[in-house]
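Trainee: Could you walk me through this one? I'd like to go from domains to interfaces to the core.
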Amino acid sequence: MMLTFIIFGLLLSGSIAWVTDNKVFAGIKFQAKWVSLLSVLALGSCFLLLVYFSNQNFQQLQLFERVSWISSLNIDYALALDTLSITLIVLTFILAVVCILVSWEEIQEKSGFYYFNLLATFSGVIGVFSAVDMFLFFFFWEVMLIPMTAIIAIWGHENRYFAAIKFFIFTQVSSLLMLVAIIAMAYIHQQQTGVMSFYYQDWLMLDIKIGVAQYLMLGFFIAFAVKLPSVPFHSWLPDAHTQAPTAGSVLLAGILLKTGAYGLIRFVIFLFPQASENFAPIAATLAVISILYGAKMAFAQSDFKRLVAYSSISHMGFVMLAIFSFNEIAYQGAIVTMVAHGLSSAALFSLAGMIYQRIHSRNLNDMGGFWQSAPRMGGFGLAFAAAAFGLPGLANFVGEFLSLVGAFQVFPIMVVFASLGLIGSAIYGMLLFQKTFQGVPLKQVQDLSVREFFICGSLLGLLVVLGFYPNIILGYAFGVFA
Amino acid sequence: MTEIPLTHVLILSSLLFIIGFVGVVVRKNTLFMLMSLEVMLNAVGVAFIGAGSVWQEADGQIMFMLVLTLAAAEIAVGLALLIRMQRRYRTLNIDVLNQMKG
Amino acid sequence: MSLLASLPLYPLLSFLILISFGKRLSWVMASWVSVGAMGAAAFCSMFLVNQLSTSDTSVITAHMWQWFSIGSAKVNVSFYLDALSAVMILVVTGVGFLIHLFAAIYMKSDENFTRFMAYMNLFIVAMLVLVLADNLVLLYLGWEGVGLCSFLLIGFWYQEKSNVLAARKAFIVTRIGDTAMVIGLFLLFKSLASLNIAEINQLAQTTISFTSNSMNAAHSDAYWAALLLLGGAVGKSAQLPLQTWLPDAMAGPTPVSALIHAATMVTAGVYLIARMNGVFLMAPEVMNYVAWLGGITLLIAGVAALAQNDIKRVLAYSTMSQIGYMMLALGAGAWSAGVFHLMTHAFFKALLFLTAGAVILALHHQQDIFKMGGLLKRLPVEATLFLVGLACLIALPGTSGFFSKEAIIASLWSSPTAGPSLWWCAILGALLTSIYSCRLFFLAFLGKARFPENLVISDHIETNKLLRGALFILALLSLFGGLVTVDLSSLFSSYKPSVVSSIDSPSWLHIVAIATPFIGIIFSWFYYRRYRIVTDEPLTASHSAWIVFCRNGLGFDTLYSTLLIKPYCFVAKLNKNDLFDQILMLIAWYVRIWRDILSVSQSGSLRWFAAAFGLSLVGLICVVTL
């Protein structure tokens, strides 16, 4: 019940924020940002309490709700959690707070509706991470898509409609393939057992012929590879990231990309182990291409956010490589990379937003020498760029290292190529940092405010803690694959 | 009284309908278009009456009553729109209203 | 908490204090904090080394926490102190302390003084982690950490475009080596299932699959692992083919050049190879490559040093060449000699750099030796100290450099992985060393003063006893550091008896080796006559094509620029708009064309719609009825 309360609570508090924005009740002026911040914090702590007190072994999926929804098709409303989804939901709550805080001053127009969309996306994402009925999963998959598109299209930058539509079409078309695969799976279940079922645990029991499984796996794979994103389906991402408002970019890079990785692990790998093992060399090749191509493209950009967007493609390549190497070490690496990239890319996009607010440009050529006037911002910029190029001591290193060590056991040659991405990441990381903070000071900018310092400081703190003590995640998320 | 054959009625009705249709298509003035629409509706009415008298059924006349009511309602809405159009665009040229252009 | 675990904490605390208070700290406070922390670290490491020599286990370890685990192998944050790391921590904290002391005075007037000292402290933290790490992942943490600090310190004066570029170059070039090293780590883990250094050295000799690969008999895992680790070492230690970053790194403040780019960080590669000797011993081919790389680098760097005009660049190339000696020693299996030279080199090169810094400061940031001259009379103390440093560099008998370099050269001839040709390389290198040292000394300190008179404001330097004090201690260490015997032989496993060759060294080897520096000095005395005598004829650097070629580091920069950098930039620029995006947008383009075609029919005119409707209806009826 609690989990449902959290998911719909987010939606509900979003609606409350929308309705009560800038209205006075009982002498208190309601502001959407406060309403949403407080509700996210409250629901986030609810979630932690739920997990803490549930006394269940989350190494396996633990069912929380199962109610019949559309009985004629045997569709249930079913939610379950395991360590993987708990890790990602906690990440979602952390970044939700970051998203609200970075929008604090940036969003002035239609702020009520904005926060509604933001919270609706969170609710969709948490639904995606916890749904175990595939129809419900698909439902939440769409729920998180639409408000996100609205955020880009309404509060984005100059080219927002194009970017929003591109984002929408890419995701929508790919998820249609997944829908076909979902329906086919339900149908196969009916053939084998006589009843239709969309329930994940039922599907795990199915015995699917490898030829069919190959196609169904591809249906899921493409949907998640677009979301991840992997070359050659990545091109929605730079546009969407660049045009989205700061919180939109944080949300996209920090969480939405992780739904792709989550889907790959939970649905592609677990539902079709044999088929995905056959497919692994191709997927790993795509991953390596993503790593190198993303790094190369990032180097060529002159737009701060676009550069970070391409670096995300590169980083998510590591995740995909790790996932498809069927190796426990690599899985751990994939999870740490997911969390670490969520934090570090959120941090870089927040930084981009802060710079944009000061100089109203995202162009690296308009920046330079900011260290002089804003040393604190420079320090954080350096730390976050360092996280992006995998400096040991920050969380990204642990993730990338484990991913590559694990993958090396299976695909040594590919990992050698993937490691070249480390050089590429150093090149674009240095470029990003030096173009922004070093060189001749072109403009004087204000240093970080307390709110901004809090955002950057807490993200950096998390990165450092996870960098030196990744067992917080590893010890927890580990059991999923055991 | 000699009966008028149904074919004649139908020919009259089709002629009226075509005249009305051509009127709708070629006239630019919206008022004339509305009038042409009336002609088309009446053409249908003629056809109903003719058919009703052939089969000796009251249905045709009932349908004609319905058409008349419809025409009245339609012309009421149409004229209201016409006045709004005149107010807004200072013309009754229907080609001005092409915002549905693809 | 054990003393060993606390060693990096002092500079770390100092770093945190400096970074959080920033410019609010006064110069006195900031220098007390940073230099004091270094003093504490130096004292602490002396105490530790003393403890180590009296303990019977010959190893001190400190386990802090488990970082993460790779499968069943644990990667801990743990320190491991043995004789090798003891030498290193002494050098890092000892020389580091003196350089910090010097830097506190040298950088006094810089407006970002606290930031500078904070970086220096952070560097020491990373360097200590590097040398104390008990596993390769933690070592890699220190390895990248020193790289980052080196980057920050080279680009310390970040408003200058050239400094920014030099910093970027240093970071990226070393990162190439680091990446090779990381792949080496993957390979080591795959074949030995451990990343603990002691375990690896142990397992490397006992695991059969590591040294003999059934798939590829010629190149076993040991071969590749050693080669990849060598890649890391080559990058960090500025050896061929990744040596190009070091001369440019001289853009940083002089104490940085002394600390990072002479005494400590650049020798990390040597440390790595010495540390991983168990792996390298299993791959004699790679030992041979190490020796050859060292040999070629020391020649190339020596030639390049001969043509430099900038005092710091001469020293940079000389550093490169001396590290070449260390590599040569490692390749020849003379581990102790290599590490010994590392130590003595740290002393005298730090001395040379700091003295050069004092000279540069006195001349108001003039680094061109053709604009110096005659400084022996104007700055006699600095000149003497510099001469001491050069004597050690040339390896004049009695100095510390002599002992270490002789030890290296003596081991070469009969080593199975080196041999006579490399011995000749080393001798030729020694000759080059003495020639470029003489050239440097003549140009800077002898001859006619070629700088404007008013430039020398000596009180800036003279009054500072502390600064002089640091230099004197370094000079003493350089002169007498060779008397300390560094015996690490118990630490390193030697060759299996079957590999030991039976070549006997001829008796004339020692005589030649000792005589070589003198030959160089005598040669330069006559060849560079016009540099050392006071004449009125103007003295300018030669611009002949050959000299310029050598001055630019024998064209490696140009080569890499054409082969790697330009193509990468070209491809990046060419594909700025993302080829895949363009292809996918073709679909959008196709849809748009059809939209344009079809939207012609949607004229928006009501009459058009009505006509179309009516005619289509007629058409439809016709079709249906006919």
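Mentor: Sure; domain bounds here come from an automatic or database domain assignment. This is a predicted model, where local features need pLDDT of at least 70, side-chain atom pairs count only at pLDDT 80 or more, and totals for chains, interfaces and linings use all residues. Residues are numbered from 1 along each chain as its sequence is written, with chains lettered from A and ligands numbered from 1 in the order in which they are written.

Trainee: What distance separates the centres of domain 1 and domain 2 of chain C?

Mentor: Domain 1 of chain C covers 288-495 + 504-541, and domain 2 covers 577-625. Taken over C-alpha atoms, their centres are separated by 82 Å.

Trainee: Which helix gives the most to the side of chain A that touches chain C?

Mentor: Count residues as in contact if their C-beta atoms, placed from the backbone, lie within 7 Å. That puts 42 residues of chain A against 36 of chain C. Helices are DSSP runs (H or I, at least four residues), numbered from the N terminus. With 10 residues, the top contributor is H17(A).

Trainee: And where chain C touches chain B, which helix of chain C gives the most?

Mentor: That contact takes 10 residues from chain C and 11 from chain B. Giving 5 residues, the leader on the chain C side is helix H29 (residues 606-625).

Trainee: How many residues has the largest nonpolar core?

Mentor: Such a core is a set of buried Ala, Val, Leu, Ile, Met, Phe, Trp, Tyr and Cys residues joined through C-beta atoms within 7 Å, buried meaning 20 or more other C-beta atoms within 10 Å of a residue's own. Leu328(C) is among those with the most contacts inside the largest one. The size of that core is 426 residues.

Note on methods
Two residues are in contact if their C-beta atoms, placed from the backbone, lie within 7 Å. Helices (H or I, at least four residues) and strands (E, at least two) are DSSP runs, numbered from the N terminus. A residue is buried if 20 or more other C-beta atoms lie within 10 Å of its own, exposed if 12 or fewer, and partly exposed in between; C-beta atoms are placed from the backbone.
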